[in-house]
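Here are my notes on the model, set out as numbered points for you to check against the coordinates.

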Amino acid sequence: MKRIFMPLMASGICIILLSACKSTKTPQARPNLTEATSKCDQPIKYYSEKIRSANGQETSFNTEVTINPLNKLINLVSEPPNQDKVAFTVVIESIDCNFNADHTVGQALYHGYINQKDGTTTKIILKLEANDGILTISQGNPEEKGDYVIIISKWEIVHE
C-alpha cells in the first residue's frame with residue numbers, strides 16, 4: 001500500500017506545485033484611444049489643401065501631417081506645385097500641449113529633430129494651433145520667423 005500511495009502523493013504534490021508555479025502573464029494595458037482621451041495623447045492625421053506664406057499669399061497643394069505622440073514621430077508628406085514631393089519625419093523629443101476636448105482651442109509645441117541623409121540632425125519646433133476652430137501648423141520657434149503656415153482642412157484620429 002505504501003508503494004502505491006507514496007508515488008501518487010508525490011505526483012499530486014508535483015501537480016499542485018506546477019499549477020501554483022504556472023507562469024502568469026498579465027496582459028499589457030493599452031490606452032483606450034477614445035474621444036475622451038486628450039488630443040495630445042492620440043495619433044492624429046491632419047490634411048491640408050493650402051498654405052499661407054508670411055506675406056499672406058495662399059497657395060493650393062496637398063499636405064498630410066501625421067502626429068503620433070505614442071511612437072514619438074511626426075510624418076509630413078507634401079506635394080508643392082512644380083516641385084518634387086516632399087517627405088520627412090520629425091523625431092519628437094518633447095511635447096507641450098494644451099488643447100481643449102473638441103480640438104478647437106489651444107496649441108501644441110513639438111520639439112524634435114529631423115535626421116538628415118548625411119547623418120546630421122536639424123532641430124525643429126512645430127506648432128499646431130487651434131484658434132476659433134481653425135487649425136494651423138507652423139514653425140514654432142519664437143526666435144525664428146516662419147515662412148509658411150499649413151492650414152488644416154480636416155483631421156482624423158488614427159487607430160493603429
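1. The structure, which is a predicted model, holds 0 aromatic pairs. Any such pair would have to bring the ring centres within 6.5 Å of each other. An aromatic ring does take part in another kind of contact, since K154 lies over the face of Y47, at 5.0 Å from the ring centre. That distance satisfies the limit for a charge over a ring, because NZ of Lys has to be within 6 Å of the ring centre.

2. Turning to the overall fold, the strands form a closed barrel of 8, in the order β1-β2-β3-β4-β5-β6-β7-β8, and the pairing is antiparallel. On average, neighbouring strands of this sheet are turned by 30 degrees against each other, with direction ignored. As background, strands of a sheet pair through backbone hydrogen bonds, either parallel or antiparallel.

3. Which strand is joined to β1 by 9 bridges? The partner is β8, covering residues 148–157, which runs antiparallel to β1, covering residues 44–53. Within this pairing, S48 of β1 stands opposite I152 in β8.

4. Strand β5, residues 106–115, pairs with strand β6, residues 121–131, in the antiparallel sense and over 10 bridges. H111 can serve as a reference point here, as this residue stands opposite I125 in β6. The two strands form a hairpin with 5 residues between them, and G119 in the turn has a positive phi of about 95 degrees.

5. On to the next hairpin: β6 is also joined to β7, residues 134–139, by 6 bridges, and these two strands run antiparallel. The bridge partner of N131 in β7 is I134. This hairpin has 2 residues between the strands, and D132 takes a positive phi near 55 degrees there.

6. Two further backbone values deserve a look when you examine the loops. K72 has a phi near 60 degrees, a positive value in a residue other than glycine, and this lysine lies in the loop between β2 (58–68) and β3 (73–78). With a relative accessible area of 39%, K72 is partly exposed, because that class covers the values between the 20% and 50% limits.

7. Is N82 buried or exposed? Its relative accessible area is 83%, so N82 counts as exposed, the threshold for that class being over 50%. N82 is placed in the loop between β3 and β4 (86–97), and its phi is near 60 degrees, again a positive value in a residue other than glycine.

Note on methods. Residues are numbered from 1 along each chain as its sequence is written. This is a predicted model: local features need pLDDT of at least 70, side-chain atom pairs count only at pLDDT 80 or more; totals for chains, interfaces and linings use all residues. Side-chain values use heavy atoms; hydrogens and water are left out. Two strands pair if DSSP finds at least two bridges between them. Helices (H or I, at least four residues) and strands (E, at least two) are DSSP runs, numbered from the N terminus. Axes are lines fitted to C-alpha atoms, for helices over the stretch in contact, and angles run from 0 to 180 degrees between N-to-C directions. Rings of Phe, Tyr and Trp (its six-membered ring) pair if their centres lie within 6.5 Å; planes under 30 degrees apart count as stacked, over 60 as edge-to-face and the rest as tilted. A charge sits over a ring if NZ of Lys or CZ of Arg is within 6 Å of the ring centre and within 35 degrees of the ring normal. Buried means under 20% relative accessible area, exposed over 50%, partly exposed in between (1.4 Å probe, protein chains only).
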